[in-house]
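Biologist: Could you walk me through this one? I'd like to begin with a single side chain and then work outwards.

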Amino acid sequence: MRRCLTHSAVAAACGAAILIPRTTHAFGLGYGYEFAQAKFEADPGLPHTKVEWPTHRLALVDTTGRLATLFASAAATDYERTEQRSDFAIYTTETWTGRYVPMSAGTRVVISYAWSGAEVDAQREGGPVERQKLDFSEFRLQLGGLVPMNPLYVDLDVVDLIWRDMSGPAKIDRFQWNLNAEVGGMFGPLRAGPLLELDLVSAVDAAFDGRPFAWVWGFGAHFDARPLIVSFRWRSFTLATDDRGGTAKGRALMAGASLEY
């Protein structure tokens with residue numbers, strides 16, 4: 001049942017992405033550098049840990065529609081279950097049938113990997129600042145697109161799947177499914193506006209288990225002089241770090257660029 005619901009949700013999100021107007025048809029690579037600082041609370045009532053860390057990110061960007069078609073077709077499956085009964089047993093057959101879902105050029109897919117293996121400043125509440133080794137990794141798959149409505153724009157990620165892991169002075173072991181939006185104004189090649197990211201997995205945990213709701217708000221600015229696109233983002237975040245209610249609250253500043261042809 002859970003697998004069936006997951007496939008249905010992904011298929012519905014891919015269907016929503018089909019409605020995004022087609023703006024660019026490109027393929028490219030990007031790099032971003034981010035510096036974050038956060039206060040981690042693994043268990044309520046225990047001392048917090050403050051950590052500052054840098055992150056490098058490499059990204060593959062595709063707006064030709066080819067990768068979007070591949071992922072949408074993989075997610076769009078039909079499920080059928082049949083039962084045959086006899087006097088002595090019940091035989092169950094489950095059938096999964098794939099469907100081809102073409103996605104138009106302009107639908108954006110971003111596959112990125114972020115990492116950090118630096119010595120960072122860490123401070124346990126009430127203690128001194130120490131240099132400790134931190135290992136961080138994040139794999140991210142985003143499906144969405146840019147909707148230009150000159151002089152306004154809406155940048156959506158209807159699917160944003162994140163697998164994040166951190167070990168060292170603070171720990172993260174978490175899967176996220178985000179819904180992201182950035183809305184702002186366009187001024188020639190420059191566009192800028194506020195952004196919001198909602199962790200849908202934490203929303204379900206908050207509704208049924210009383211755990212913290214994770215979300216991000218901030219501001220994004222982009223200089224689009226294709227094939228070069230330069231981006232800056234400032235974010236204030238509350239992240240769910242595990243499945244037991246741990247959180248990380250902090251801020252991050254990112255600068256990056258991509259070449260898209």
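Modeller: Gladly, and please keep in mind that this is a predicted model. Phe 35 is a good place to begin: its relative accessible area is 38%, so it counts as partly exposed, a class that lies between the 20% limit for buried and the 50% limit for exposed.

Biologist: Which strand is Phe 35 in?

Modeller: Phe 35 sits in strand β1, which spans residues 27-41.

Biologist: And which residues form the nonpolar patch on the surface?

Modeller: The patch consists of Tyr 31, Tyr 33, Phe 35, Leu 58, Tyr 113, Trp 115, Phe 139, Trp 163 and Phe 175, and together they have about 860 Å² of accessible area. Two elements, β1 and β5 (108-116), give two or more residues to it, and the largest share, 3 residues, is from β1.

Biologist: Changing topic, how do β8 and β9 pair?

Modeller: Strand β8, residues 135-149, runs antiparallel to strand β9, residues 152-167, with 15 bridges between them, and the hairpin that joins β8 to β9 does so through 2 residues. As one example of the register, Leu 141 has Leu 161 of β9 as its bridge partner.

Biologist: What stands opposite Leu 161 in β10?

Modeller: That is Trp 177. The pairing of β9 with β10, which covers residues 172-187, is again in the antiparallel sense, over 13 bridges.

Biologist: Which residue has a positive phi in the hairpin of β9 and β10?

Modeller: Gly 168 does, with a phi near 130 degrees, in a hairpin that has 4 residues between the strands.

Biologist: Now the empty space. How many cavities of 30 Å³ or more are there?

Modeller: The count comes to 3 cavities of at least that volume, 30 Å³. The largest cavity has a volume of about 1,100 Å³, and it is lined by 47 residues, of which Arg 57, Val 110, Gln 142, Arg 233 and Met 254 are the closest to its centre.

Biologist: And the second largest pocket, what volume does it have?

Modeller: Its volume is about 290 Å³. Of its 17 lining residues, Phe 40, Glu 41, Ala 42, Ala 170 and Lys 171 are the closest to the centre.

Biologist: Which strands each supply at least two residues of that lining?

Modeller: β1 and β10 each do so for the second largest pocket, and β1 is also the strand that holds Phe 35, where we started.

Terms used:
Residues numbered from 1 in each chain as written. Predicted model: local features only at pLDDT ≥ 70, side-chain atom pairs only at ≥ 80, totals over all residues. Heavy atoms only, no water. Pairing = 2+ DSSP bridges. Patch = residues over 30% accessible without salt bridge, like charges linked within 9 Å, V, L, I, M, F, W, Y side chains within 5 Å. Areas by Shrake-Rupley, 256 points an atom, 1.4 Å probe, with all protein chains shown as cover. Salt bridge = Lys/Arg side-chain N within 4 Å of Asp/Glu carboxyl O. Buried < 20%, exposed > 50% of the residue type's maximum accessible area, 1.4 Å probe, protein only. 1 Å grid on protein atoms, 1.4 Å probe; cavity = no way out; pocket = protein on both sides within 12 Å on 5 of 7 lines; lining within 4 Å. Points joined across faces, edges and corners; volume = space filled by probe spheres on them.
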